[in-house]
Amino acid sequence: MSTTQQRTAVDDLLINVNENIANQHSQLVSWLSQNYRSGENWLGLSELARKKLRNLIGTINYGDFQKLVNLILNRLTLQDFEENRLRRRRDFWSYYSNRFEKMRILLPESSLQIIGNQLTGDIEVLKNDGSEPTEVCIFDFGDWIVIEFFRGKGSETRLLPNNSKNQQILFNQSQLSVKCIRCLGGEKHDHEYLWQVFSHYWLQNKGIIPNLNSNTPRQPTTEQLRDRSYKLERWKGDIDTLEREAKEYCRRTGCCT
């Protein structure tokens, strides 16, 4: 096929194929992502084909995220509140599955030994910097990079602008550590009581919109807001401590310069 013929065939395939193909033919989706997600080939696709390709890529990447969470829940020894938080995050991000353009998984050595051989994709070990053990997922969401810390005191979500510096560090730099990632800063959100409601609007204000037909969260009551406020103050104190430790670590090691 000529380039033009192939592009026409790919456009037709994307428009007419059922999106369930993502889970059945991941290698095909990977090829489409590598060859048609940018440049002239991307621009040469119709708007509908580009939308379908984004959805296919998102389905694959969210599937990897979902599998990681399930493995952690089934294979690692966690406290009840940690299990509940992970289940809620898995369910929360399912409403944004179309946005997962790229993903990187970083595991502590202890987790890698238990579940690493069950995973595929971009998986690396976190450098030990003395932080509490946590798995980290980094998502490319277009204009923003989303970072999820699964466990520990902070256990937060961070948003950083998707610029060349952050892309290089978060998707290409080896020997990343928890403190190094936190040292990059960014905006952060908790996973305390009612976090899903506030995360929804936080992401929406950044132009990160859930999939079509996703439910809008219910508004909390005054009493619920009061309970959340108390827990949020404790979380903010933990985050402030973690960020001071991260900045000191980066000052000594120069890990993100």
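These are my notebook entries on helix packing, nonpolar cores and a few single residues in a predicted model.

**Entry 1: α1 against α3**

I began with the helix pair formed by α1, residues 3-16, and α3, residues 26-36, and found that the two pack at an angle of about 130 degrees with their axes 13 Å apart. At that angle I log α1 and α3 as oblique to each other, and I note that α1 passes α3 in a left-handed crossing. I then looked up which residues make the contact: Q6, R7, V10, L13 and L14 stand on the α1 side, and they meet L28, W31, L32 and Y36 on the α3 side. Sorted by class, this contact of α1 with α3 has seven nonpolar residues, one polar residue and one charged residue.

**Entry 2: α3 against α5**

Next I followed α3 to its contact with α5, where the axes come within 10 Å and cross at roughly 125 degrees. I again record an oblique arrangement for α3 and α5, and the crossing in which α3 passes α5 is left-handed. From α3 the contact takes S26, V29, L32, S33 and Y36, while α5 brings L53, L56, I57 and I60. By class I find seven nonpolar and two polar residues in the contact of α3 with α5, and no charged ones. I also note that L32 and Y36 of α3 appear in the contact with α1 and are listed in the contact with α5.

**Entry 3: the nonpolar cores**

I then turned to the largest nonpolar core, which has 30 residues, and asked which of its members touch the most other members; these are F65, L68, W93 and F139. At least two residues of this core come from each of α5 (47-75), α6 (80-94), β1 (102-107), β3 (136-140), β4 (144-149) and α10 (195-205). The largest share, seven residues, is supplied by α5.

I looked more closely at W93 and, leaving aside neighbours within four places in sequence, found W93 in contact with Y62, F65, F100, F139, F141, V146, E148, T157 and L203. Apart from this core there is a second, separate one of 19 residues, and its members include L106, L176, V178 and I181.

**Entry 4: R89**

I wanted to know whether R89, which has its place in helix α6, is buried or exposed. With a relative accessible area of 2%, R89 is buried, because the cut-off for that class is under 20%. Not counting residues up to four places away in sequence, R89 touches F65, E148, F149, F150, S155, E156, H191 and W195. F65 and E148 are also among the contacts that I listed for W93. As a check on long-range placement I took the C-alpha to C-alpha distance from R89 to Y249, which is 29 Å across a sequence separation of 160 residues.

**Entry 5: positive phi values**

Most residues other than glycine have a negative phi, so I looked up the exceptions. One of them is Q175, whose phi is positive at about 60 degrees although Q175 is not a glycine. Q175 is found in the loop between α8 (164-172) and α9 (178-183), and at 51% relative accessibility I count Q175 as exposed. L194 likewise has a positive phi, near 70 degrees, without being a glycine. L194 lies in the loop between β6 (187-189) and α10, and with a relative accessible area of 15% L194 is buried.

Technical notes
Residues are numbered from 1 along each chain as its sequence is written. This is a predicted model: local features need pLDDT of at least 70, side-chain atom pairs count only at pLDDT 80 or more; totals for chains, interfaces and linings use all residues. Side-chain values use heavy atoms; hydrogens and water are left out. Axes are lines fitted to C-alpha atoms, for helices over the stretch in contact, and angles run from 0 to 180 degrees between N-to-C directions. Helices (H or I, at least four residues) and strands (E, at least two) are DSSP runs, numbered from the N terminus. Angles under 35 degrees count as roughly parallel, over 145 as roughly antiparallel, 65 to 115 as roughly perpendicular and the rest as oblique. A crossing is left-handed if the near helix is turned anticlockwise from the far one by less than a right angle, and right-handed if clockwise. Contact means heavy atoms within 4.5 Å. Ala, Val, Leu, Ile, Met, Phe, Trp, Tyr, Cys and Pro count as nonpolar, Asp, Glu, Lys and Arg as charged, and the others, Gly among them, as polar. A nonpolar core is a set of buried Ala, Val, Leu, Ile, Met, Phe, Trp, Tyr and Cys residues joined through side-chain atoms within 4.5 Å. Buried means under 20% relative accessible area, exposed over 50%, partly exposed in between (1.4 Å probe, protein chains only).
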